[in-house]
Amino acid sequence: MQIFQNISKLRETLLAFQQKSQKIGFVPTMGALHQGHLSLIKQAKAENDVVVCSIYVNPTQFNNPDDLAKYPRLLESDAEMLRSVGCDILFAPADTEMYPNPAKIKFDFGFLETTMEGKFRPGHFNGVALVVSKLFHIVMPHKAYFGQKDLQQYLVIKQLTNDLSFPIEIVRCQIVREENGLAMSSRNKRLSSEQIQIASNIYKALQMAEKMLKTHTSEQIQSQIEIFFSEIKEIELEYFEIADAYTLEGIADLQKHSQPKALCIAAFVGDVRLIDNLWVEN
Ligand code: AMP
């Protein structure tokens, strides 16, 4: 695996692949890799000639400086994991490479960026769209892989790709879970083993809500989920939403809604904020 910190050196190398019409698959990450990330790399590997993974803890998408400071940084072991699944290129730039001068551009994704995560993390999706745009321009991949774990991020990236005419196919990848159902996340490294068990209730709640979709109203499901979490003192529910899976708009009548639905949760376990969702086809 080749490792680059420098944009121009990476571009030079990728140009050689592009000139041979080789397909480039790209997986952007913030590192502290786990099996969820590796599943994206494996999928990219199966569908492309060359796989590029980026590891960059992007400061512009953190609205909470403490969260940015505490974000795990494990470049050496990450590189080992990437090698083990055959990743070809790792791009791990420094802040000075990505933001030589402060960025000023602003995106507006309308409702998509003000609902759910957007409500609780102002500016987050602007930072995500900014760094992903930069990375797309740098890597110029054919396909880019995003986890459904961050459903709203995937939808924002789809919109970004559409609006800026990036010639890139955006692939939505399944959520990889721990045996107890907890969605894998770099933040899980900050949970104790007891907290990991408790956090599995997030997935249980999503499954419970899914079972109720055909027979209950949104309000009834909402209140059941609130009751469920009120009985678990170690988890603080931030939001539970039932929404259209493509627009994230609320759904007036669950039984009549013919598009896929998304059940989404954000919750705190201790001081660790976790998100999870289920994508429900009809
Ligand atoms: P992150 O490093 O957290 O920014 O994540 C990098 C990519 O990995 C994003 O597209 C995430 O949605 C994806 N990802 C994170 N956790 C999982 C998971 N448990 N299963 C599948 N993909 C994931």
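## Ligand site

In this predicted model, a polar backbone atom of Val176 lies 2.9 Å from a nitrogen atom of the ligand. Gly147 also approaches through its backbone, where a polar atom is 2.8 Å from an oxygen atom of the ligand. His37 takes part through its side chain instead: one of its polar atoms is 3.0 Å from a ligand oxygen atom.

The ligand is surrounded by 17 residues, of which the nearest are Met30, Gly147, Asp150, Val176 and Met184. Val176 and Gly147 thus appear among these nearest residues, and each of them also places a polar backbone atom at a short listed distance from the ligand, 2.9 Å for Val176 and 2.8 Å for Gly147.

## Domain arrangement

The protein has two assigned domains, with domain 1 covering residues 2-173 and domain 2 covering residues 186-280. Their C-alpha centres are separated by 26 Å. To the contact between them, domain 1 contributes 25 residues and domain 2 contributes 21 residues.

About 2,100 Å² is buried between domain 1 and domain 2, and carbon and sulfur atoms account for 56% of that area.

## Polar and charged links between the domains

Between domain 1 and domain 2 there are 10 residue pairs in polar contact, counted with both residues at pLDDT 80 or more. On the domain 1 side of the interface, helix H3 (65-70), helix H6 (111-114), helix H7 (117-120) and helix H9 (151-163) each provide at least two of the residues that touch domain 2. The composition of this side is 11 nonpolar, 6 polar and 8 charged residues.

The interface of domain 1 and domain 2 is also crossed by 4 salt bridges. In the salt bridge that joins Arg187 to Asp67, the closest N and O atoms are 3.4 Å apart.

## Salt bridges in the whole model

The total number of salt bridges is 14. One of the pairs is formed by Lys143 and Glu47, whose closest N and O atoms stand 3.1 Å apart. Lys143 belongs to strand E5 (residues 143-147) and Glu47 to helix H2 (residues 35-47), so this pair ties together parts that are 96 residues apart in sequence.

Definitions and conventions. Residues are numbered from 1 along each chain as its sequence is written. This is a predicted model: local features need pLDDT of at least 70, side-chain atom pairs count only at pLDDT 80 or more; totals for chains, interfaces and linings use all residues. Side-chain values use heavy atoms; hydrogens and water are left out. Domain bounds come from an automatic or database domain assignment. Contact means heavy atoms within 4.5 Å. Buried area is the accessible area (1.4 Å probe) that two parts lose on being put together, summed over both. A salt bridge is a side-chain nitrogen of Lys or Arg within 4 Å of a carboxyl oxygen of Asp or Glu. A polar contact is a pair of N or O atoms within 3.5 Å; within protein, one must be able to donate a hydrogen and the other to accept it, and residues adjacent in sequence count only if both atoms are side-chain atoms. Helices (H or I, at least four residues) and strands (E, at least two) are DSSP runs, numbered from the N terminus. Ala, Val, Leu, Ile, Met, Phe, Trp, Tyr, Cys and Pro count as nonpolar, Asp, Glu, Lys and Arg as charged, and the others, Gly among them, as polar. A residue is near a molecule or strand if one of its heavy atoms lies within 4 Å of it.
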